[in-house]
Amino acid sequence: MTRQAPDSAAAARPMRSLGRDSVGVALVAIAGLAGYWLFPDNLSFLTRMISVALLVLSLDLVVGYCGIASLGQAALYGAGAYAAGIACLAGVTEPFLLILIGAAAGGVTGLLMGTIMLRAHGLPQLVLSIAIVQLLHEAANKAYSVTGGSDGLSGMAPAPLFGIFEFDLWGRTAYLFGLALLVIVFVALKLLVRSPFGMVCRGLKQDPLRVSALGISAFPVLLRMFLISGAVAGTGGALGAIATQVVGLDSVSFELSANALVMLVLGGLGNLYGALIGTVVFMAVEHIVAAFNPFHWLTLVGGLLVAIVLFAPRGLSGSIDEAARILMRGKRRTAP
Amino acid sequence: MNAVFEVAHLSKSFGGLRVNHDVSIAMAAGERLALIGPNGAGKTTFVNLVTGRIPPSAGSVRLAGEDITSLGAVARVRRGLVRTFQVTRLFPDMTPEEHVVMAILQRQGRATRILARFHGDGAASDEAAGILATLSLTAIARRKVAEIAYGQQRLLEIAIAMAQRPKVLLLDEPAAGVPSSDTPLIERALERLPASLAVLMIEHDMDLVFRFAKRVVVLAAGELIFQGLPADVARDDRVREAYLGSYAHAGG
């Protein structure tokens with residue numbers, strides 16, 4: 001065995017992880033495009049899947065990377081959805097601008113939510129997250145004149161994308177627009193979690209005392225992560241508003257928050273692929289089983305989750321990772 | 001003496017219990033000082049007071065002439081008062097290299113940058129490689145901390161502290177939990193600490209104290225009862241009484 005010179009090894013590792021990331025991003029894009037060709041009649045459902053995937057990704061940033069449990073992430077998603085919906089009805093119809101408005105609203109809400117939640121730790125923190133989403137839910141319900149209350153907002157008519165592609169009845173434009181957004185956000189988040197900032201977040205999850213002994217204050221780091229997480233969730237909400245042209249109270253609900261956490265645990269925490277896999281599997285199972293047996297689909301989803309937690313505690317992505325490692329090890333052993 | 005680190009009349013009471021009372025210590029740059037004391041002497045409280053984890057009831061802490069008594073733990077680290085932990089506090093899923101790189105980036109004020117790559121920083125990883133090599137940790141630099149031996153984790157704590165380039169270093173029982181066969185590794189690592197650095201070691205292992213420290217202070221029942229040369233500490237009556245307590249009387 002030849003020993004690699006240390007400097008070339010140091011250069012090789014970031015290159016290798018960069019290569020793996022590019023393959024991963026390409027796979028996400030290919031899977032998305034495959035969905036476009038394979039299920040042309042279900043594009044509006046697939047677009048909703050992308051919108052929720054952005055919510056679950058945003059939750060992964062907070063739960064998976066910083067170790068802060070939250071059952072209120074839909075507060076940020078809903079803020080984005082309502083902001084985009086209200087702006088669209090007020091005459092701002094440019095889709096990119098609507099996404100930016102949603103991201104900004106989610107980001108601001110994230111800052112507020114972080115400021116409140118970071119005062120507490122552990123269980124009280126979790127309870128605060130629930131309280132925040134319930135408060136926003138009630139606020140959206142009561143502010144009928146702005147949000148449409150329990151009727152929600154409808155009748156949004158976003159302008160054609162780039163002034164050319166109409167948001168058509170079959171949801172083709174919306175889906176491809178959503179897929180492009182997802183890929184862009186995914187690449188940005190991959191860079192984020194590999195940045196020094198991302199590493200400090202992981203450190204805060206593993207041992208906050210060590211981070212403070214390094215001279216790093218946790219609060220500004222975590223608050224920034226809440227801002228970013230809010231912007232991502234808000235982007236998802238705005239995409240949902242543009243694609244479905246409806247914004248309802250369910251977008252800022254405890255139920256959606258809890259489902260997002262379930263999807264994340266299903267897919268695997270602390271690696272962005274897990275958020276995507278979890279969302280796709282959960283929503284696909286829900287979609288298929290609900291059509292098949294509308295009364296007992298939740299039982300089946302519950303059973304699936306129990307099985308995952310018992311047999312694959314690192315989630316589906318963790319199991320895939322494990323399988324890949326075992327396969328690679330086998331290959332290396334057979335090599336001369 | 002031109003003190004780089006000065007603790008003056010530091011006291012802490014929890015209710016009526018005086019855990020630290022009127023403790024004063026001054027250290028010059030480059031000094032090697034050991035703080036010893038029997039169990040329950042208030043050593044842990046002293047570390048917590050000095051590092052800013054708990055506020056004192058009275059007294060002050062000065063670092064390089066600046067009064068840092070009112071500063072929090074993070075601010076004190078940034079001013080150059082760095083500690084290691086009695087029980088290692090590390091990130092189990094990260095590698096030694098990543099720990100040291102993070103410490104270097106923080107020293108340079110770049111640890112929380114978003115628009116940068118953690119693993120792509122040539123200068124920081126070169127410096128980290130140098131520090132890890134000094135402590136013979138090169139072979140395991142890319143393994144997860146959860147997979148390396150406890151003695152190596154202790155060395156990594158020292159490596160991180162070196163990367164932080166402190167003015168004053170507090171070593172909280174650097175050899176605690178290390179099998180005695182590995183103690184020489186820790187000792188060698190301590191010998192390699194920069195000569196200009198003031199090091200305060202809190203330690204139980206008297207052999208280590210005698211070899212490392214040029215001066216010893218003894219804390220007993222929250223009060224300093226001895227300051228002087230390591231050679232004199234075992235001959236001091238008050239120290240013997242503090243350590244042996246009633247046994248001394250029973251014998252005499």
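Here are five short exercises on this structure, which is a predicted model.

**Exercise 1. How much of chain A can you trust?**

Task: Look up how chain A scores on pLDDT, and find where the score stays under 50.

Solution: Start with the overall picture. Chain A averages a pLDDT of 87, and 93% of its residues score at least 70. Now go to the start of the chain: over residues 1-11 of chain A, pLDDT stays under 50. For that stretch the model has 3 contacts beyond four places in sequence.

**Exercise 2. The side of chain A that touches chain B**

Task: Work out which helices of chain A supply the side that touches chain B, and which of them gives the most.

Solution: Count the residues to begin with: 23 from chain A are in contact with 27 from chain B. On the chain A side, at least two residues each come from α1 (6-38), α7 (172-194), α8 (196-206) and α9 (208-213). The top contributor is α8(A), with 6 residues. Sorted by class, this side of chain A has 13 nonpolar, 6 polar and 4 charged residues.

**Exercise 3. One helix, two partners**

Task: Describe how α2(A) packs against α12(A) and against α11(A), and say how each pair is oriented.

Solution: Take α12(A) to begin with.

- Helix α2 (residues 43-65) and helix α12 (residues 272-292) of chain A pack at about 140 degrees, their axes 9 Å apart. Because of that angle, α2(A) counts as oblique to α12(A).
- The crossing of α2(A) past α12(A) is right-handed.
- From α2(A), the contact residues include F45(A), M49(A) and V52(A), while those from α12(A) include L272(A), M283(A) and H287(A). The class tally for this contact is 11 nonpolar, 3 polar and 1 charged.

Then turn to α11(A).

- The axes of α2(A) and helix α11 (residues 254-267) of chain A come within 9 Å and cross at roughly 75 degrees. That angle is why α2(A) is called roughly perpendicular to α11(A).
- Among the residues that meet here are L55(A), L59(A) and V63(A) in α2(A), and A260(A) and M263(A) in α11(A).
- This contact splits into 8 nonpolar, 1 polar and 1 charged residues.

Look for residues in both contacts: V56(A) and D60(A) of α2(A) appear in the one with α12(A) and also in the one with α11(A).

**Exercise 4. The 4-stranded sheet of chain B**

Task: Give the strand order of the open sheet of 4 strands in chain B, and explain why β2 and β5 are edge strands.

Solution: Read across the sheet and you get β2-β1-β4-β5, with antiparallel pairing. At the edges, β2 (17-28) and β5 (66-67) each have a single partner strand, so one side of each has no neighbour in the sheet. Zoom in on β5(B): 2 bridges link it in antiparallel fashion to β4 (residues 58-63) of chain B. There, R62(B) has D67(B) as its bridge partner. Finally, helix α1 (residues 43-51) of chain B lies across β1 (3-14), β2 and β4, at about 60 degrees to β2(B).

**Exercise 5. The 6-stranded sheet of chain B**

Task: Lay out the open sheet of 6 strands in chain B, then place the helices on it.

Solution: The order is β6-β7-β8-β3-β9-β10, and the pairing is mixed. β6 (81-83) and β10 (223-228) have a single partner strand each, so they stand at the edges. From one strand to the next, the twist averages 20 degrees. For a parallel pair, pick β3 (residues 32-36) and β8 (residues 198-202) of chain B, which share 4 bridges; L35(B) is partnered by I202(B) in β8(B). Now add α1(B), which packs on the sheet and touches β3, β6, β7 (168-172), β8 and β9 (215-220), its direction making about 150 degrees with that of β7(B). Helix α9 (residues 237-244) of chain B lies across β9 and β10, at about 130 degrees to β10(B).

Technical notes:
Residues numbered from 1 in each chain as written. Chains lettered and ligands numbered in written order. Predicted model: local features only at pLDDT ≥ 70, side-chain atom pairs only at ≥ 80, totals over all residues. Pairing = 2+ DSSP bridges. Contact = placed C-beta atoms within 7 Å. Axes fitted to C-alpha atoms, helices over the stretch in contact; angles between N-to-C directions. Nonpolar A, V, L, I, M, F, W, Y, C, P; charged D, E, K, R; others polar. Parallel < 35°, antiparallel > 145°, perpendicular 65-115°, else oblique. Left-handed = near helix turned anticlockwise from the far one by under 90°. pLDDT = per-residue confidence, 0-100.
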